Amino acid sequence: PGTFSRIQFLNKLILKNNNLKSIYLPFIPNFKHLDLSINQIEKIQDDFFSNLTQMEYLNLRNNRIYEIQEKVIRNLKGLKTIYLNFNRLRKFSTNSLNQNLSIFYLELRENLIESIDKRSFNGLINLTHLELENNLIKSIEKFSFASLINLASSFFLKDQRIGDLDE
């Protein structure tokens with residue numbers, strides 16, 4: 001708890017390519033950019049980012065994350081870009097991003113996601129870029145992408161195992 005406790009004017013922190021399994025960051029006003037890619041993080045707890053309410057960019061790619069608690073990202077109201085690719089996510093929690101209207105860029109490629117349900121991306125009306133390729137997706141529920149009304153620039157869903165695609 002003391003490592004970053006006196007840093008009040010930090011707005012960007014890159015801890016890429018370490019062996020971090022966890023990290024605690026105190027309240028840092030105006031903090032915008034966090035890169036924890038290529039580490040050993042496995043699970044993100046509910047309060048993991050609770051002190052970083054102004055964060056806009058979050059990079060968690062190339063970790064060992066198998067679960068993200070529902071409140072983790074939902075509390076980051078200013079988050080615009082999130083990288084969760086190259087992890088071990090088996091499911092994408094249907095409430096993880098709900099009502100986070102600011103997100104416009106989301107990468108979930110190269111995980112172990114097996115299905116997409118109609119609530120997975122509910123409320124992400126500003127999302128313009130979504131990458132889901134190279135997962136293990138077998139089924140996509142009807143209306144799963146219905147709320148993605150601005151998904152115009154990039155949508156990647158290649159290299160899956162889709163056997164059930166509702167009308």
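Is lysine 80 buried, partly exposed or exposed? Lysine 80 counts as partly exposed, because its relative accessibility is 32% and the partly exposed class runs between 20% and 50%. The model is predicted.

## Overall architecture

The protein contains 1 helix and 12 strands. Along the sequence these follow the order β-β-β-β-β-α-β-β-β-β-β-β-β.

Of the 167 residues in the protein, 46% are buried. The surface it exposes comes to about 8,800 Å², and carbon and sulfur atoms supply 47% of that area. Among contacts with a separation of 6 or more, 49% join residues that are 24 or more positions apart.

## The salt-bridge network at glutamate 56

The structure holds 6 salt bridges. One of these is formed by the side chains of lysine 32 and glutamate 56, with an N to O distance of 3.9 Å. This pair connects distant parts of the chain: lysine 32 is in the loop between β1 (12-14) and β2 (33-35), glutamate 56 is in the loop between β3 (43-44) and β4 (57-59), and the two are 24 residues apart. Lysine 32 has a relative accessible area of 28%, so it is partly exposed. Glutamate 56 is partly exposed as well, because its relative accessible area is 31%.

Glutamate 56 also forms a salt bridge with lysine 80, where the closest N and O atoms are 3.9 Å apart. Lysine 80 lies in the loop between α1 (71-74) and β6 (81-83) and glutamate 56 in the loop between β3 and β4, so this pair ties together parts that are 24 residues apart in sequence. Through shared partners, the salt bridges join Lys32, Glu56 and Lys80 into one network.

## A salt bridge between two strands

Another salt bridge is formed by glutamate 67 and lysine 43, with 3.6 Å between the closest N and O atoms. Here both partners are in strands: glutamate 67 belongs to β5 (residues 67-68) and lysine 43 to β3, with their positions 24 residues apart in the chain. Glutamate 67 has a relative accessible area of 30%, which means that it is partly exposed. Lysine 43 is also classed as partly exposed, because its relative accessibility is 29%.

## Aromatic pairs

The count of aromatic pairs is 3. In one of them, the ring centres of phenylalanine 121 and phenylalanine 145 are 5.8 Å apart and the ring planes are at 20°, so the pair is stacked. The pair links distant parts of the chain, with phenylalanine 121 in the loop between β8 and β9, phenylalanine 145 in the loop between β10 (139-140) and β11 (154-156), and a separation of 24 residues. The two rings fall into separate accessibility classes: phenylalanine 121 is buried because its relative accessibility is 0%, while phenylalanine 145 is partly exposed because its value is 22%.

Tyr57, Tyr83 and Tyr105 are linked by ring pairs into a cluster. One member of that cluster, tyrosine 83, also has a charged neighbour: arginine 61 lies over the face of its ring, at 4.1 Å from the ring centre.

## Surface patch and lysine 138

Leu101, Ile125 and Ile149 make a nonpolar surface patch of about 270 Å². Isoleucine 125 is located in the loop between β8 (115-116) and β9 (129-131). Its relative accessible area is 35%, so isoleucine 125 is partly exposed. That value also meets the patch criterion, because patch residues need over 30% relative accessible area.

Lysine 138 is placed in the loop between β9 and β10. With a relative accessibility of 44%, lysine 138 counts as partly exposed. Its C-alpha atom is separated by 8.6 Å from that of isoleucine 116, and the two residues are 22 apart along the chain.

Technical notes:
Residues numbered from 1 in each chain as written. Predicted model: local features only at pLDDT ≥ 70, side-chain atom pairs only at ≥ 80, totals over all residues. Heavy atoms only, no water. Patch = residues over 30% accessible without salt bridge, like charges linked within 9 Å, V, L, I, M, F, W, Y side chains within 5 Å. Areas by Shrake-Rupley, 256 points an atom, 1.4 Å probe, with all protein chains shown as cover. Salt bridge = Lys/Arg side-chain N within 4 Å of Asp/Glu carboxyl O. Helix = DSSP H or I, 4+ residues; strand = E, 2+ residues; numbered from the N terminus. Buried < 20%, exposed > 50% of the residue type's maximum accessible area, 1.4 Å probe, protein only. Phe/Tyr/Trp six-rings, centres within 6.5 Å; stacked < 30°, edge-to-face > 60°. Lys NZ or Arg CZ within 6 Å of the ring centre and 35° of its normal. Contact = heavy atoms within 4.5 Å.
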